[in-house]
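Hi,

Here is the model I said I would pass on. Have a look at it first, and my notes follow underneath.

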Amino acid sequence: MPPSILWLCRDFRFRDNAALAAAAGAGPVLPVFLIDGALRAQGAASRWRLQRALLAFDAELRRRHGATVLVLEGEPWDILPALAARIGAGSLHRNDWPEPATIAAQQRLGRALAGTPVRLVLHPGHLLVHPRALRTGSGGAYRVFTPFARALRAIGPDRPGGEAASLSPLTDLPRGLALDRLDLAPDLHRGRAVLERHALPAGEAAAQARLGDFLDRAAGYAAQRDRPDLQATSGLSEHLAMGEIGPRDLWAIASARAKADPAASPGIAAFLTELIWREFAWHLLIEFPRLARQPWRPEWADFPWRGDSAALTRWRRAETGIALVDAGLREMRVTGRMHNRVRMVAASWLTKHLLTDWRLGLAHFADSLTDWDPAANAMNWQWVAGCGPDAAPFFRIFNPERQAAQFDPQGRYRRRWLLGWQGAEGEEARAYFDSLPPGWDVPRTWQDRATPERLAQGRARALAAHAAFRQAP
Ligand code: FAD
């Protein structure tokens, strides 16, 4: 049997990995990862996290099958046809990652392989169902979440695929980049050491362990998922973003648990709805590839957003003076993560109170989040800004003080990131902020500038701007 190339992307797992199973069933396998333009265009934190996923996968590949990932630098259409010819490969297997730049790269590779004996085979697995499986009655794409979710639940997610029992590695490998000297994120503008200390364990085993731990406490999810001061959500987004766990597998495991454990069932149902939000975001990105660049509602194309400004810089530096907003932005800088409720409040502050272009906020999140997901990030930014699908109407403006009172009632989350600097984590965070260049000074005693007057003024300004825009001819 001729060997196959397994072209890794965001599928660093062995369970439910169709490309891996297909390649392993067809003869010797050469797993390859490419440092290409599409990867370099991604945010630094996401690349830093991807490296951890790659190393964990490689270690497991060695342990299980004595194989290793070949890391090469260059564009797929240049590198892969030559590599296939060099090893005499008959096929090239790839799990689908339906992100626009990646789709374009795959198409170009397909053209480069035309006329060669090498078949490029794409396998589903990044989503619960095939991207085009859900259509409205008139055959179009869904634009509203609720009917989309209903339709998905009606057909049910695809079943997870199996796991390759064995994989025969290819010997006589071409030379690649040394994995132990790899640095996919040399431009990480933050304390790498701090991020490393706050990192959640990477890899498939860690993802499965996290899921197991979450299911043990899922009964509280529905009631507590909006509380940033509690550990109520799953924390699985990084694993999903890296493909260390597949959504079909996740759905199957969680559903089985819900059946077996009636007390956890409502919490798990709410959790699965969030997984459908992820699916909906990808559905929109596939149907509307400009989701990260253009307002989903075309009538917003000319909205006079503010561009770069001192206010944006303060927001990026977590110095807005609004407790919940600054706490979230600091949490993101120190850990690469931010609670969903706080993401919404921070994004609302930037777009609604500061009237700043949502794309600037989106770019900051894309550079800073270790769970960066092109679809979820774009859909949610547009949702908060008011120009996206199922949009929060422009007049719905999160009041960060009320949000804080409701979802961080004792102020534990805000104190942790702003005032208290409690415990070892606080010491590290303080040392990190202290080490930043001038301009990054963080006041030791943080003062709340979110007075009711200031909040009301911001809201009034936003409403007036939107009203003027809507009345303009
Ligand atoms: P859980 O509550 O445990 O949810 C389980 C899973 O459901 C998540 O892991 C995620 O895959 C999915 N999910 C949950 N909420 C959403 C949502 N609102 N939209 C889409 N999927 C969701 N999520 C990302 O994964 N990457 C991003 O880049 C990203 N950017 C965001 C930007 C903004 C402005 C906002 C408001 C939200 C963004 N989200 C993003 C969605 C959400 O904040 C995270 O998915 C969530 O905080 C991850 O934590 P968790 O895994 O503990 O979530």
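Start with α17 (374-385), because twelve of its twelve residues are buried, so this helix is largely enclosed by the rest of the structure. Bear in mind throughout that this is a predicted model. The buried set in α17 runs P374, A375, A376, N377, A378, M379, N380, W381, Q382, W383, V384 and A385. What sits over them? The cover includes α12, α15 and α16. In length, α17 holds twelve residues and spans 17 Å between its first and last C-alpha, close to the 16 Å expected at 1.5 Å a residue. Right after the helix comes G386, with a positive phi of about 100°.

Keep going along the chain and you reach P389, in the loop between α17 and α18. P389 counts as buried, because it has 20 C-beta neighbours inside 10 Å and the cut-off for buried is 20 or more. Setting aside residues within four places in sequence, P389 is in contact with R143, V144, L284 and W296. Take W296 from that list: P389 and W296 are 93 residues apart in sequence, yet their C-alpha atoms are 6.7 Å apart in space.

F407 makes a similar story for the next helix, since it belongs to α18 (residues 400-407). Is F407 buried or exposed? It is buried, with 20 other C-beta atoms within 10 Å. Not counting residues up to four places away in sequence, F407 touches D226, R227, P228 and R341. With R227, the sequence separation is 180 residues, while the C-alpha to C-alpha distance is 4.9 Å.

Now back to α12, one of the helices that cover α17. α12 has 23 residues and reaches 32 Å from first C-alpha to last, close to the 33 Å expected at 1.5 Å a residue. Its buried residues are G267, I268, F271, L272, I276, E279, F280, A281, W282, H283, L284 and L285. These pack against α6, α9 (221-224), α11 (247-260) and α17 (374-385). You have already met L284, as one of the contacts of P389.

The meeting of α12 with α6 is worth a look on screen. Helix α6 (residues 145-155) and helix α12 (residues 265-287) pack at an angle of about 110°, and their axes are 10 Å apart. That makes α6 roughly perpendicular to α12. Which residues do the touching? From α6 they are F145, F148, A149 and L152, and from α12 they are T273, I276, E279, F280 and H283. By type, the residues of this contact divide into six nonpolar, two polar and one charged. On the α12 side, I276, E279, F280 and H283 also appear among the buried residues of that helix.

For a helix with two distinct sides, go to α5 (residues 100-113). It has 14 residues and reaches 20 Å from its first C-alpha to its last, close to the 20 Å expected at 1.5 Å a residue. Buried here are A105, Q106 and L109. Seen down the axis of α5, these buried residues fall within an arc of 100°, so they line one face of the helix. The general background is that an α-helix has 3.6 residues a turn, so residues three or four places apart point the same way. On the other side of α5, A104, Q107 and R111 are exposed. The buried residues of α5 are covered by elements including α2 (37-40), α4 (76-87) and β5 (119-123). After α5 comes G115, whose phi is positive, near 85°.

Last, two backbone oddities. Which residues have a positive phi although they are not glycines? One is A318, at about 60°, and another is L355, at about 50°. A318 is found in the loop between α13 (310-316) and α14 (323-335), and it counts as buried, with 24 C-beta neighbours inside 10 Å. L355 lies in the loop between α15 (340-353) and α16 (358-368), and it is partly exposed, with 18 other C-beta atoms within 10 Å.

Cheers

Conventions. Residues are numbered from 1 along each chain as its sequence is written. This is a predicted model: local features need pLDDT of at least 70, side-chain atom pairs count only at pLDDT 80 or more; totals for chains, interfaces and linings use all residues. Axes are lines fitted to C-alpha atoms, for helices over the stretch in contact, and angles run from 0 to 180 degrees between N-to-C directions. Helices (H or I, at least four residues) and strands (E, at least two) are DSSP runs, numbered from the N terminus. Angles under 35 degrees count as roughly parallel, over 145 as roughly antiparallel, 65 to 115 as roughly perpendicular and the rest as oblique. Two residues are in contact if their C-beta atoms, placed from the backbone, lie within 7 Å. Ala, Val, Leu, Ile, Met, Phe, Trp, Tyr, Cys and Pro count as nonpolar, Asp, Glu, Lys and Arg as charged, and the others, Gly among them, as polar. The expected span of a helix is 1.5 Å times one less than its number of residues. The arc is that of the directions from the helix axis to the C-beta atoms.
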